[in-house]
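Reader: I am new to this structure and should be grateful for guidance on how to read its features. May we begin with polar contacts and then turn to the interfaces?

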Amino acid sequence: MDESTIASRGLWGDALVRLRHDRAASVALALLGFLALAALIAPLLSPWRYDSLDWQHLASPPGIADAHWLGTDRLGRDLLVRTLHGLRLSLLLAGLASGVSLLIGVLWGAAAGLSGGRIDGAMMRFVDVLYSLPYLFVVIILTTLFPRGSLAVLALALAAVGWLTTARIVRAQTLALKRREFLEAARATGAAPARILWHHIVPNVVGPVVVYGTLIVPQMILFESFLSFLGLGVQEPQASLGNLIYAGAQEMESAPWMVLVPATALVLLLLCLNVLGDGLRDAFDPRER
Amino acid sequence: MLKLALRRIAALLPTLLVIVTLSFAIIRLAPGGPFDAEQGVSPAVRANLERLYGLSKPLHVQYLRYLRALAHGDFGPSLRQRDFTVRELIAQGLPISATLGLCAIALALLGGIPAGIAAALWRSPAADFSVAAIAALGMALPSFVIGPLLALVFGIYLRWLPVAGWQPGTARYLLLPVLTLALPLAVALARLTRASLLEVLRAPYVRSARARGIGEARLVWRHALRPALLPVASYLGPATAFVITGSLVVEAVFGLPGTGRYLVQGAIDRDYPLVMGMVIVYGILTLLLNLLADLACGWLDPAIRHG
Amino acid sequence: MGCAMPSIPASADHSQDAAAVLSVRRLSVAFDTPNGAVQAVRDVTLSVAAGECLGVVGESGSGKSQLFLAMLGLLAANGRATGSARLGQTELIGLRGPALDRVRGVQIGMVFQDPMTSLTPHLTIGAQLAEVLRRHRGLERAAARARAEGLLERVHVSDPARRLEQYPHELSGGMRQRAMIAIALAAEPRLLIADEPTTSLDVTIQAQILALLAELKGTHGLALVLITHDVAALAGVADRVAVMRHGTLIETGPVREVLRTPRDPYTRELLQESSAPPPVQVAARTPSAAAAGGAALSVRDLGVRYRVRGRWLEPATPLAALTGVSLELRAGESLGIVGESGSGKSTLARAVLRLLDASSGRVVWMGRELATLRSPELRALRRDLQIIFQEPLGSLDPRMTVAEIIEEPLLVHERSLDAAARRAVVATALARVGLAAALAGRYPHELSGGQGQRVGIARAMVLAPRLLVCDEPVSALDAPTQRQIVSLLGELRRAQGLTLLFISHNLAVVRELCERVLVLYLGRRVELAPAAELFAAPRHPYSRELLAAIPVADADVQPARLAAVRAGEPPSPLDPPSGCVYRTRCAQAAAQCAVRFPEWEEEGGRGIACYRWRELA
């Protein structure tokens, strides 16, 4: 399909140029790359593993002693390594959950929007009802369905909530598209439904969905940390930003670094992702042109 | 307006029934039970307990029985916290959780909306940058990070307020939790208000009202503010969900004896009646606050009111 | 609607005399943009006397609106005004705060183009009127209400007491604009500025508003500034005319002089655009050549009904968008369809092409009934049946380049062509609609409206169709571009022997392009006639009203035309009147008209649906 690649080059090329001019988004992207890289090569950085205990340095504050640069926890586990480990876990889970929720959401929303009428009404009513539940219920109930701490289950549980918004966005997008005259023009040309779907609808929905995808990732990271914080997510000795912050909060009075280190990492990660998402949204928004 | 309200209220009950049915189905179809070996109960005792609580009957019979009891306001006994009915547990925790949540919403509205208006009206490059920075930071600071941080600063370093705990009738213990819960919400509301007011101020009808010489203050107050608050009112629905989930964390961080722990612990323990009770209480709360948000939208926009 | 003759002699000296309500001296407006300052208005000097109407005319971007927005301090934040504008003794430029608010609304009232978006949506009409009355006239609540009702009466709003309680979205477009005028007049200003007050309205409503402005002018010495892009709209209202182009004032003078003997070539151009098109070239377009072939397109008793979904648990309301429309089109012929919003003309276009399904009736193209075709057959047939849309940019896929858009019909219908052959065809098509080959790689958002419409035409024409349906193809374009597109369509039609179904609310354009014209009202056909005959001697009362509403750029004729404008609002298509749908606005309505819709009578190539046309002829 040579014509669609030309079209997307135009779209993506334009967006990339605009993104490069957005200083905040560029910084966020660089920082994010750095964090992701650090999370990936974490085991190479330090002699410690995330679950190795160092009985010589229980709850030692940050310093250069014995390569515990950001201190240790009550069991002498290296906080830097554990935080990076949690970072990797968060990114992995969020990526997985975002992917699944995008997939379900796009299919559901597009199906509802394209069918219209009663089917659309019923499908969106279902989404509305789930929406009116505090999302935590669904996640909590789902996480308790299966053994706690299973990553796949956790990702599914997060996705089960995340797809709702995607479905709404995609449906609204599809409905707006259906009213646009260029689809009518394509029909008037005699284009078959399959051609209309692939050449006209899909390219016009992809942009907003991609952008929304980058905004959903930080939400998923937040969810995961939140569940781990409540003890419903990742289980010890596995480290996640959420359970690290929870453990740190218990030791706050005597060892504040135990909460500050993972909290800073989380805030930094969320900040970068949000700023980048906002930048992408602006870059793709045709009104900015 | 009244018609809209009545129609929405009429729709509440069926929605609630769907929620109850869905939750009941999911919880009961989940593997594991309240008296499993995993929970430290021997098979014989388990069979007895299950008979006692009517858990051995077919699921649909249990469901109908539960609904009938519910219609009389009976949530059933807690399976794990013996000697307590679910209703008693809720009655203990709800006042604290509700006070916490409502105070937080009120604080966020009273702080966030005026801040957003101010940010929209007094613009300068420096102010815009600070607004963007604060907003970005606010969105990246979840309640389970702000909570410990506030406790660290005000409780441990400054020693102004208690770090955690609860004594009935003392506002001091609620101050930090409310602040923790309200802060991210206030930032979100301020951001939303600012963006939406800026958009409205560019609308043709604002220019046209300005051309009538009615004065800037009146212009903002009478002509621009109501439409600008429309997205804010629609956001109140998601905001409620945010406050409810946030209250779980805040109660855990500050050791408040609210209802949050019942939900988490109840789900882990498979304490069916307790979880169902919590789902219903939170479900009603969410639906009511969503209704309130809808009615606010109707008040703000006559076109919505007239359908 | 009262007398519209100018109350001030047209010969009155227009220099900076003592009687001037507004005198502008060397006023300039500039906007700061990232690419440097843009000069929107340069050194404009003009004045308006008490009781006088100054018409300001120019195309979009000529700076005519910015000039007056600058006086009221309503420029965008990056705009700066220099020079002087005096209202009586008050210098307006540089005025701020409370001092400015003692001028705005009090001494100068302003009416904007789009009454829907220019009225505050959440406040009732009464509240918005009372606000001005209480603030600027210091009236108490009850007094303000009574006065508000009086004001609505003065602008001829029907049922004023009830309107006071209504919100803008509950009123029709014409009512809204009247309410806007009432609000602008509430504090009894000395000057009323109307910025394109009729542009977004249907032609009959436009005439009503112009008649109202003509009536208001001069009462209590009210001076009026009427800003418009249409010279003809000024003819019945303005005493003097100022012509603007590229931010400068290029000509000013009494309305008769400027319209009759324009000095500047640009004014002449504007006059040409607004006046009736050149005489119909009857020889070139008599249908005789094609007449032998019989009907190429035949539409029988076509009806389209929608169901407007009610709210939850409420029944759906049926909406008849089109009822019992029949027409025949010979090969090579060109038929115009005219009517105002809600007349069903776009529905007709889509139903004819089966882009939407008709509820009743038949469409037959070259002997094949479209409704019975299966989708692959219909798709194959579509290469003969093409359409051009109203919104040039909306009808182009934003994610495709110009070349891809024009190429698409080839990919659908000419599968045998390879990429190089397609490129060649696209290049020819671009050249034929007058677009540079360099535009092929552009995306729609990089095109102007006129370029976009040319791309739409190239796409429609690339397969050499036999029937071309044009759905308001020029309404979204400004006047010079309209003219170019119309002549392009005329050329293509002559060159290719196209059969044309041309839908428009712009009668002048229809007159230029079409041999016959069908007039629709509220989904029904009311009259069909050869174009020349319809314009010379309309038979149906609605056709007459429609033609009478078109402004004529002649200051001697237009005042009388405006004075004869009839009041009346179009009924809602959701609740049409019984019998003849036009009877609620018809001056000749009789008892029988309310019973049932009149039969369609056809004789001598003309058709009409009216009980009384013979008596009225």
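Author: A polar contact is a pair of N or O atoms within 3.5 Å; within protein, one must be able to donate a hydrogen and the other to accept it, and residues adjacent in sequence count only if both atoms are side-chain atoms. In this case, a polar atom of the B:E251 side chain lies 3.4 Å from the backbone nitrogen of B:T259. Please note that this is a predicted model, in which local features need pLDDT of at least 70 and side-chain atom pairs count only at pLDDT 80 or more, while totals for chains, interfaces and linings use all residues. Residues are numbered from 1 along each chain as its sequence is written, chains are lettered from A and ligands numbered from 1 in the order in which they are written, and side-chain values use heavy atoms, with hydrogens and water left out.

Reader: Which side chain of opposite charge is nearest to B:E251?

Author: Lys and Arg count as positive and Asp and Glu as negative; His and the chain ends are not counted. A salt bridge is a side-chain nitrogen of Lys or Arg within 4 Å of a carboxyl oxygen of Asp or Glu. The nearest such side chain is that of B:R261, 5.8 Å away, and B:E251 has no salt bridge although it is buried (under 20% relative accessible area, with exposed over 50% and partly exposed in between; 1.4 Å probe, protein chains only).

Reader: How many salt bridges are there between chain A and chain C?

Author: There are 3 salt bridges between chain A and chain C. One joins the side chains of A:E181 and C:R350, at 3.4 Å from N to O. Across this interface there are also 12 residue pairs in polar contact (both at pLDDT 80 or more).

Reader: What area is buried between chain A and chain C, and what between chain A and chain B?

Author: The size of an interface is often given as the accessible area lost when the parts come together. Here buried area is that loss for two parts, summed over both (1.4 Å probe). Chain A and chain C bury about 2,400 Å², with 51% from carbon and sulfur atoms. In chain A, A:E181, A:A188 and A:T189 lose the most area to chain C, together 25% of what that side buries. For chain A and chain B the area is about 3,300 Å², with 83% from carbon and sulfur atoms. Across the interface of chain A and chain B there are 0 salt bridges and 0 residue pairs in polar contact (both at pLDDT 80 or more).
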